[in-house]
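Subject: The structure I promised you

Hi,

Here is the structure I said I would pass on. Have a look around before you read the rest of this email, then come back and compare.

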Amino acid sequence: MSAPTDEPARTGAPAAAPDGPGTGDLDQAISRVEHELGRLFARIRVSWREAATTVHPDLQPLGYQVLTSIATGKATSAGAIIERLQTDKSAVSRHVRQLEELGLVESVRDPDDRRARVLVATKLAQERVAIARSHYEARLGERLRRWSADDLDHFAELLAAFGD
């Protein structure tokens with residue numbers, strides 16, 4: 001792939017292409033990005049399914065995401081999990097209940113507000129999530145180590161700009 005001569009700054013979003021000649025090329029490039037994002041999302045869903053199975057054979061991918069939100073401390077209440085994962089209350093309740101039944105999550109009194117309860121991952125959950133994460137990180141690392149540090153930095157910047 002050839003590099004443009006007037007490359008936009010790496011820290012910002014890519015420069016917009018003007019309308020006119022080459023718009024078809026831009027449309028094709030956008031279509032390719034959409035296609036590749038679809039492939040990437042499918043691969044991510046497979047990874048979540050594999051990670052969930054690593055934690056427990058009955059765990060669904062969304063249950064794994066709920067568990068990792070709790071285990072990392074990024075979301076320890078149903079409301080925080082709903083907001084973080086952008087899902088509905090009934091799905092979160094169902095998965096939290098399953099995680100409790102599997103011995104992976106406990107509901108305990110919030111040390112800061114004794115009237116409230118927070119969700120915490122059990123030691124078993126922490127161990128199994130660590131195993132699942134190590135498998136995922138090994139696969140990801142294997143793929144990314146094929147790239148140069150500059151390419152990885154550029155990729156990270158593009159992802160960050162795309163996510164904004």
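A question to start with: which residues in α4 are buried? They are A91, V92, H95, V96, Q98 and L99. They cover an arc of only 160 degrees around the axis, so they sit on the same side of α4. On the face turned away from that buried side you'll find the exposed residues K89 and E101. If you want to know what the buried residues of α4 pack against, click on α2, α3, β1 (105-109) and β2. The helix itself has 13 residues and reaches 18 Å from its first C-alpha to its last, close to the 18 Å expected at 1.5 Å a residue.

Before going on, please keep in mind that this is a predicted model.

The overall picture

The protein has 164 residues, and buried residues make up 22% of them. Its secondary structure comes to 6 helices and 2 strands. Reading from the N terminus, the order is α-α-α-α-β-β-α-α. Take the contacts between residues at least 6 apart in sequence: 45% of these join residues that are at least 24 apart. As for the outside, the accessible surface comes to about 11,700 Å², and 53% of that belongs to carbon and sulfur atoms.

The nonpolar core

The largest nonpolar core has 21 residues, and the ones with the most contacts inside it are V55, Y64, L67, I70, I81 and L99. Which elements give two or more residues to this core? The list is α1 (23-55), α2 (61-71), α4, β2 (117-121) and α5 (123-144). The biggest share comes from α2, which gives 5 residues.

L67 is a good one to click on. Leaving out residues up to four places away in sequence, L67 touches V55, L99, L104, V105, A121, A125 and V129.

Helix α1 and a residue facing it

α1 has 33 residues and reaches 47 Å from its first C-alpha to its last, close to the 48 Å expected at 1.5 Å a residue. The buried residues in α1 are S47, A51, A52 and V55. What covers them includes α2 and α5.

You can see the α5 part of this by looking at A132, which lies in that helix. Is A132 buried or exposed? Its relative accessible area is 3%, so A132 is buried. Not counting neighbours within four places in sequence, A132 is in contact with A51, T54, V55 and Y64. Try drawing a line from A132 to A52 as well: these two are 80 residues apart in sequence, yet 7.7 Å apart in space, C-alpha to C-alpha.

The loop between α3 and α4

Two residues in this loop deserve a click, and they make a nice contrast. Q86 lies in the loop between α3 and α4, and so does T87, with α3 running 78-85 and α4 running 89-101. Q86 counts as exposed because its relative accessibility is 65%. T87 is buried, because its relative accessible area of 19% falls under the 20% cut-off. Setting aside residues up to four places away in sequence, T87 touches L62, I82 and V92.

There is something to notice in the backbone here too. Most residues other than glycine have a negative phi. Q86 is not a glycine, but it has a positive phi of about 50 degrees. At the other end of the next helix, just after α4, G103 takes a positive phi of about 75 degrees.

An aromatic pair

How many aromatic pairs are there? The count comes to 1. The rings belong to W147 and F155, with their centres 5.1 Å apart and their planes at 75 degrees, so the pair is edge-to-face. An angle over 60 degrees is what earns that label. W147 counts as partly exposed because its relative accessibility is 39%, and F155 is partly exposed too, with a relative accessible area of 35%.

That's what I found. Happy clicking, and write back with any questions.

Cheers

Note on methods
Residues are numbered from 1 along each chain as its sequence is written. This is a predicted model: local features need pLDDT of at least 70, side-chain atom pairs count only at pLDDT 80 or more; totals for chains, interfaces and linings use all residues. Side-chain values use heavy atoms; hydrogens and water are left out. Helices (H or I, at least four residues) and strands (E, at least two) are DSSP runs, numbered from the N terminus. Buried means under 20% relative accessible area, exposed over 50%, partly exposed in between (1.4 Å probe, protein chains only). Contact means heavy atoms within 4.5 Å. A nonpolar core is a set of buried Ala, Val, Leu, Ile, Met, Phe, Trp, Tyr and Cys residues joined through side-chain atoms within 4.5 Å. Rings of Phe, Tyr and Trp (its six-membered ring) pair if their centres lie within 6.5 Å; planes under 30 degrees apart count as stacked, over 60 as edge-to-face and the rest as tilted. The expected span of a helix is 1.5 Å times one less than its number of residues. The arc is that of the directions from the helix axis to the C-beta atoms. Accessible areas come from the Shrake-Rupley method with a 1.4 Å probe; for residues, only the protein chains shown count as cover.
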